[in-house]
Amino acid sequence: MQQAVIHSRPTPAHEIEKLGPPLSVAVAETISLTSLSLNGTDVVVPNDIQSNSEMSNKDASKDELQHEMPHSNLQNNGIRYDKLSAENLIGVEFVTVEAAETFYYDYAKEMGFDVRKDDMRTSTRTGRVTIRKWACSAEGERQEKHTDINNKVRMPKKLTRCHCPCLFKIRYFKKNNSYIVVDFRTDHSHDLVQPHESHLLRSHRSVLDSDLALAKSMRRASIKTCHAYEYMVDVSGGYANVGFTLKDLYNRLDASQREDMIGGDANATLGYLKGKAAEDKKLFYKYSTDENKRSAN
């Protein structure tokens with residue numbers, strides 16, 4: 001391959017005036033050249049142009065790769081979740097209902113849709129679950145009584161159910177002593193959320209008892225709940241891995257505090273009144289509780 005050779009010579013004074021400012025000359029001297037062979041012909045290409053071309057090719061390849069990237073790399077029997085079909089899953093056995101539920105929730109989270117527990121049938125003789133079905137949260141339609149606003153003060157919530165056909169159904173077979181998939185549909189009548197947003201779906205968020213205990217202990221140490229949540233996020237490796245939102249943690253703490261009050265201050269007050277009523281026959285008190293055993297008045 002022939003090398004490009006640049007000859008330089010002193011520039012006469014009368015040519016310098018025609019060239020104008022020496023900026024173009026300085027820029028030309030800073031450009032490094034690389035000799036390439038194109039169709040048998042040696043061509044000299046500046047290195048910066050070559051690097052820009054390579055970067056463009058890399059960016060294009062990166063965009064194509066991102067476009068082809070699946071929602072996840074999780075697999076079931078060697079098949080990626082985004083490639084699963086009814087032919088792949090119908091007939092698969094699960095030892096327990098919980099195992100089947102865990103699988104479908106993981107599948108739904110990776111694919112980007114919310115899950116709702118649907119039909120469940122149990123044996124009247126043994127009490128064992130014989131049929132269990134999970135569906136997309138957009139399955140079916142909202143009942144008409146919830147859309148009638150004539151007698152309602154608030155406007156109804158936004159419609160989210162649009163007859164989505166996606167579902168997962170298992171049945172118990174006594175011969176196999178296991179649950180076998182009898183129906184599995186992957187089609188949706190709505191758009192799925194992006195992979196980085198699926199952890200915000202309601203069915204994929206829950207505050208575990210261990211998280212609640214940690215938040216309580218940190219609160220007793222005068223650590224704010226928001227700071228405790230940030231600590232959990234940091235330990236779990238990000239907001240997508242912690243499993244719940246800050247609002248979920250606040251709600252769980254409030255519910256736990258109400259439960260503690262049932263066996264705490266409320267009972268202490270009732271015990272005091274009961275003791276006073278035993279001493280003073282003219283003292284009368286009355287209270288009631290709701291379905292959750294909380295003080296109603």
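**Close-up 1. Lys117 and its partner Glu101.** At 47% relative accessibility, Lys117 is classed as partly exposed in this predicted model. Its salt-bridge partner is Glu101, and the closest N and O atoms of the two are 3.5 Å apart. Lys117 sits in strand E6 (residues 115-122) while Glu101 belongs to helix H5 (residues 97-111), so this pair ties together parts that lie 16 residues apart in sequence. Counting up the whole structure gives ten salt bridges.

**Close-up 2. Arg121 meets Asp119.** Here the side chains of Arg121 and Asp119 come together in a salt bridge, at 3.2 Å from N to O. Arg121 is partly exposed, with 49% relative accessibility. Asp119 is partly exposed too, at 25%.

**Close-up 3. Two loops joined by Glu139 and Arg161.** This view shows a salt bridge between the side chains of Glu139 and Arg161, 3.7 Å from N to O. Glu139 is in the loop between strand E7 (129-136) and helix H6 (144-147), and Arg161 is in the loop between H6 and strand E8 (167-173), so the bridge ties together parts 22 residues apart in sequence. Glu139 counts as partly exposed at 23% relative accessibility, and Arg161 does as well, at 33%. The pair also has company: salt bridges with shared partners link Arg116, Asp118, Lys133, Glu139 and Arg161 into one network.

**Close-up 4. Inside the largest nonpolar core.** In soluble globular proteins, nonpolar side chains tend to be buried together. The largest nonpolar core here has 27 residues, and the members touching the most others are Tyr104, Phe113, Trp134 and Phe168. Two or more residues come from each of H5, E7, E8 and strand E9 (178-185). Helix H5 is the top contributor, giving eight residues.

**Close-up 5. Around Trp134.** Which residues does Trp134 contact, once its neighbours within four places in sequence are left aside? Among them are Val97, Ala100, Tyr104 and Tyr105, along with Val115, Leu167, Phe168 and Ile170. Charged residues are on the list as well, including Glu101, Arg116, Lys117 and Asp118. Another core, of ten residues, lies apart from the largest one, and its members include Ala215, Met232, Val233 and Leu253.

**Close-up 6. A nonpolar patch on the surface.** Leu214, Tyr231 and Val235 form this surface patch, which together offers about 270 Å² of accessible area. Val235 is part of helix H8 (residues 225-236). With a relative accessible area of 55%, Val235 counts as exposed, because the cut-off for that label is over 50%.

Conventions: Residues are numbered from 1 along each chain as its sequence is written. This is a predicted model: local features need pLDDT of at least 70, side-chain atom pairs count only at pLDDT 80 or more; totals for chains, interfaces and linings use all residues. Side-chain values use heavy atoms; hydrogens and water are left out. A salt bridge is a side-chain nitrogen of Lys or Arg within 4 Å of a carboxyl oxygen of Asp or Glu. Helices (H or I, at least four residues) and strands (E, at least two) are DSSP runs, numbered from the N terminus. Buried means under 20% relative accessible area, exposed over 50%, partly exposed in between (1.4 Å probe, protein chains only). Patches are made of residues with over 30% relative accessible area and no salt bridge: like charges are joined within 9 Å, nonpolar side chains (Val, Leu, Ile, Met, Phe, Trp, Tyr) within 5 Å. Accessible areas come from the Shrake-Rupley method with a 1.4 Å probe; for residues, only the protein chains shown count as cover. A nonpolar core is a set of buried Ala, Val, Leu, Ile, Met, Phe, Trp, Tyr and Cys residues joined through side-chain atoms within 4.5 Å. Contact means heavy atoms within 4.5 Å.
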